[in-house]
Every structure is written in structure tokens, then in C-alpha cells.
Amino acid sequence: MTNGQGQSDGEIVPEKFPNNPQGAEGMEGRSPVKGNVQEHPSHRTQRRQEEMQSMLERIRKAVRRDKKAKLTSLYHHVYRVEHLRSAYYQLKRKAAVGVDGETWQHYGQELEDLSDRLGRGAYRATPVRRVYIPKADGRERPLGISALEDKIVESVTAQILSVIWEEEFLGFSYGFRPGRSPHQALDALTVGIERKRVRWVLEVDIRAYYDTISQEWLGKFIEHRIGDRRILNLIQKWMQAGVLEKGQWTLSEEGVPQGNPISPILANIYLHYAFDQWAQQWRKQKARGDMIIVRYADDIVVGFENQAEAERFKEELTERLKKFNLELQGEKTRLIEFGRYAAADRARRKAGKPETFNFLGFCHICSKNSKGYFCVLRQTMKKRMQTKLKTLKIEMKRRMHLPVRDQGQWLQAVLQGHYQYYGVPRNGPAMGSFRKEVVRLWKRTLERRSQKSNIPWERINQLAKKWLPYPRICQPYPNQRIHVIT
């Protein structure tokens with residue numbers, strides 16, 4: 001790896017096929033050479049992960065040494081067999097297959113051939129298979145499912161890009177970053193509203209964000225830090241591989257397929273230049289009152305002290321996004337009066353209660369705590385709950401004839417996952433309502449096993465008490481988590 005002046009950063013560039021006789025023997029199906037000690041699979045997995053992390057750490061140090069230099073020697077990290085194998089073992093083994101129909105269990109024997117094709121420049125990206133999943137608002141979200149070998153190469157490349165841009169991403173960006181989570185974004189937003197003089201909240205929604213990303217601009221953004229033409233060509237192959245839907249292939253002239261391993265980091269890089277840096281400068285140079293910004297992927301919330309600044313920011317943001325082929329969704333991009341002063345200000349004008357806004361599955365409401373002080377109440381979004389219950393109804397119908405024990409264990413896991421995410425302080429009633437509806441769905445499912453079946457509530461309550469856990473708060477108060485982190 002070299003910096004912009006062609007000076008080496010001290011890293012040794014490996015050969016195309018590093019010496020690893022034991023690994024080569026395993027991939028070719030031969031037994032180990034007589035006298036070699038057979039290594040336990042868990043040790044090999046740990047060694048691969050350590051080697052991958054060592055490589056990423058060397059890149060991280062090179063980036064930190066010179067934050068403006070372009071990295072010109074990265075591609076050899078992508079096609080190294082051990083790095084591909086590490087990414088392969090990190091993939092979900094039962095994930096949906098791409099257009100090639102290749103499964104995780106079968107592909108493990110093809111990694112050396114993939115490495116060879118990458119090294120020779122013979123690798124070709126496969127079109128993604130498009131599927132649709134329901135959204136909370138009733139619409140459908142398009143997802144792209146890559147072929148297995150594309151997922152492997154994308155995963156290695158995504159980790160490299162993530163290490164490079166992690167040194168540049170700003171503090172208010174939380175989506176798909178190592179060590180960051182949706183709850184940290186939620187806590188940062190809540191603490192910002194409660195502690196700053198926020199009176200107005202702008203809820204930003206970008207129309208079809210992943211589908212409208214400009215591939216030309218994305219290439220320019222990546223070139224800010226990467227000077228290795230082969231990495232740029234690799235990313236271009238994935239973006240131009242096209243989409244296969246119902247047997248019809250179409251060329252993707254814009255957008256990034258959502259659902260691929262490389263998509264989150266590419267989307268983050270795009271908004272880092274299109275929004276984050278601009279918004280940071282706007283806050284420093286134009287904002288006179290308090291202003292907070294929280295972004296998780298393409299979900300953005302901005303808080304303001306002054307209404308005039310909020311309206312000006314919204315107007316200039318619209319023009320800024322147009323430059324990069326993005327557009328605000330009018331009906332979902334709203335500026336509302338919100339914060340510690342909202343209730344009193346609206347009562348004085350006889351305007352009713354403060355409006356609410358949604359962020360990362362929670363409805364945010366102006367409220368007061370037990371001591372009478374202002375706080376932000378976060379409750380499960382009704383649309384999210386309804387969508388989840390509809391999905392559960394379909395899945396329970398599919399599992400209708402399974403033993404009660406199996407149904408109970410599955411529903412137990414569903415509720416535990418729900419509580420883990422939505423178990424924030426003061427959201428107990430909403431979680432209780434969700435559990436109550438799950439019990440009702442389970443009763444109907446069990447009764448449909450027979451036309452004459454009528455299970456009494458006493459029996460259902462016994463089953464629910466045995467298998468369905470009651471709501472519990474799994475997340476700390478926002479100020480507690482922020483205090484620990486900072």
C-alpha cells in the first residue's frame with residue numbers, strides 16, 4: 001500500500017497464492033501430508049479471523065497516518081484465499097440463494113478458483129435476484145439477493161471500505177457502523193432534545209434512497225480515498241450487473257441493490273458526502289441557535305431552536321439533495337413543533353397537543369416523567385406492530401399443525417426478540433399489547449386445527465404463562481447509555 005507520493009507504508013504485499021499447504025490440501029480434497037498435525041476447525045476459523053483483523057488494522061493505521069492520501073494498493077487483500085474464506089464463514093448458511101442457485105454448504109470447495117479469477121481479472125459479477133418484502137406503510141421494499149460468490153467478494157471489500165471511511169464518518173452517523181446500534185441513535189436523539197433548546201424537529205425522508213443513488217457520484221466519492229483502479233472497477237461491476245426479476249434482466253443505471261453486503265457501506269459513503277459534511281458545515285456557519293443532527297442510514301432527524309433556521313435548512317437541503325439525484329418525500333418530510341417548550345407554546349396559541357414523529361420504529365411523544373420534568377416518551381409505532389402481527393399470523397398458519405411445544409418455543413423466541421429491541425423505558429404498555437395480540441393469534445391458530453375445536457381461555461392462558469414471556473425493559477435510560485459511552 002502506498003500513499004499519494006508513492007511511498008510504501010511498510011506493509012508487505014503477499015503473493016497471489018500465499019504458502020498454506022494445509023489449507024490447499026483441504027480445498028483440493030486430499031488428505032494432509034503424512035506427518036502434518038491435523039488442526040481443529042475452530043482453531044483454523046480463529047486464525048482466519050485474526051489474519052483478517054490484522055489486515056484491516058494495517059489499513060486503519062495507514063489511513064490514520066495520512067487522512068488525505070489515496071490508498072493505491074488494496075486489491076490484493078480482496079482476492080487472498082484466506083480473506084475470502086474468512087468472509088465465507090461469516091455468511092449466513094441458510095440465506096436465500098441468488099440467480100446461480102448456489103448454497104453455502106456446496107460452495108466451500110470453489111474459493112481457490114474464485115481467488116484465481118479475481119487475481120487474473122476474470123471475475124464477473126452476477127445479476128442480483130430481486131424480491132420484495134412488505135413495509136410498515138403497506139408498500140413493498142425491493143431487495144437484491146446476490147449470488148453466493150458475489151456476497152463473499154462484496155463482504156471482503158465492504159470490510160476494507162468500512163475501515164477506511166470509519167476514520168471520516170461523523171459522530172451523528174450511526175447506521176451500519178461497527179460498535180454502533182439503532183439504540184445509540186435513539187438515545188442520542190432523545191438526550192439531544194431533552195438537554196438542548198430544541199423547539200422544532202425536522203423529520204427527513206428520502207424518496208427511494210437506495211434506488212436513486214447516482215452511480216457516477218458514488219464513484220467520485222470513493223475516489224476521494226481509493227486510488228486502486230481495480231477496487232473501483234470491482235464496485236462498478238456489481239452496480240452494472242443488472243437485476244433479474246421474473247426472468248427479465250434489466251440494467252441498473254442508477255441505485256445500489258438493497259440487501260447486499262456492500263450496499264450499507266456504499267449508501268453510508270454517499271450520504272457522508274451528500275448530507276453529513278454539508279449539514280455539519282451548515283450547523284457551524286449558519287445556525288445561531290441550538291441544532292442537533294442524528295442519522296441512521298437514510299433515516300434522518302434534525303432538531304432546531306429557531307423555526308426560521310429550520311425552514312431555511314429544509315429549503316437548502318432540498319436543493320442540496322437534488323444535486324446528487326436525491327429527492328425528499330414530501331408527505332413524510334415534516335417540520336413539527338416539538339420539545340420542552342412545545343406544549344406550553346401550543347397551549348398559549350390554542351393549537352392542541354404537540355405533534356409526534358417516528359424514528360427507527362418508535363413514535364416520539366412530548367411527555368413528562370414522574371417528577372414533572374419534560375421527557376421524550378418513545379412507544380412502538382402502531383404501523384410496525386400491525387405489520388409484525390400480520391407477518392406472525394401468516395407464519396403461525398404455516399406452523400399450525402406443529403406440536404404445541406414447538407409453536408410455544410418459536411413464539412417465545414419471537415417475543416424475546418421483540419422485547420430486546422422495543423424494551424425501552426416506559427414502553428411496557430405497548431409491549432404488553434403486543435403480547436396480548438400474540439396470545440389471541442395463538443388461540444385462533446390452535447382452534448383452526450379442527451372445525452369443532454373451541455379451546456377455553458383458561459387453557460390458552462396456561463400455555464401463554466408457560467411459553468410466552470411477559471414484557472421486560474431490556475434497554476437502559478438514554479442518559480445512562482450516553483453517559484457510559486462519552
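Biologist: What makes strand β6 (residues 291-296) count as mostly covered?

Modeller: In β6, six of its six residues are buried. Buried means under 20% relative accessible area, with exposed over 50% and partly exposed in between (1.4 Å probe, protein chains only). A strand here is a DSSP run of E with at least two residues, and a helix is a run of H or I with at least four, both numbered from the N terminus. Bear in mind that this is a predicted model, where local features need pLDDT of at least 70, side-chain atom pairs count only at pLDDT 80 or more, and totals for chains, interfaces and linings use all residues. Residues are numbered from 1 along each chain as its sequence is written, and side-chain values use heavy atoms, leaving out hydrogens and water.

Biologist: Which residues of β6 lie on each side?

Modeller: M291, I293 and R295 sit on one side, I292, V294 and Y296 on the other, and all are buried. That fits the usual pattern: in a regular strand the side chains alternate between the two faces of the sheet.

Biologist: How do you know that β6 and strand β7 (residues 299-304) are joined?

Modeller: Two strands pair if DSSP finds at least two bridges between them. β6 and β7 have six and run antiparallel, so they pass that cut-off. One of the partners: I292 with G303 in β7. In their hairpin, with two residues between the strands, A297 takes a positive phi near 55°.

Biologist: Why are β2 (140-145) and β5 (248-250) called edge strands?

Modeller: The open sheet runs β2-β1-β4-β5, with mixed pairing. β2 and β5 each have a single partner strand, so one side of each lacks a neighbour in the sheet. For β5, strand β4 (residues 243-245) is joined to it by three bridges, antiparallel, with V243 opposite T250.

Biologist: Why is C375 called buried, and what about a disulfide?

Modeller: C375 has 9% relative accessibility, so it counts as buried. A disulfide is a pair of cysteine sulfur atoms within 2.5 Å. The structure holds zero disulfides; for C375, the nearest cysteine sulfur, that of C366, is 9.3 Å away.

Biologist: How do you know whether the length of helix α16 (residues 404-422) agrees with expectation?

Modeller: The expected span is 1.5 Å times one less than the number of residues. For the 19 residues of α16 that gives 27 Å, and the end C-alpha atoms are 26 Å apart, which agrees. Its buried residues include W410, L411, V414, L415 and H418.

Biologist: What covers the buried residues of α16?

Modeller: Going by contact (heavy atoms within 4.5 Å), the cover includes β10 (362-368), β11 (374-380), α15 (382-398), α17 (428-447) and α18 (457-467).
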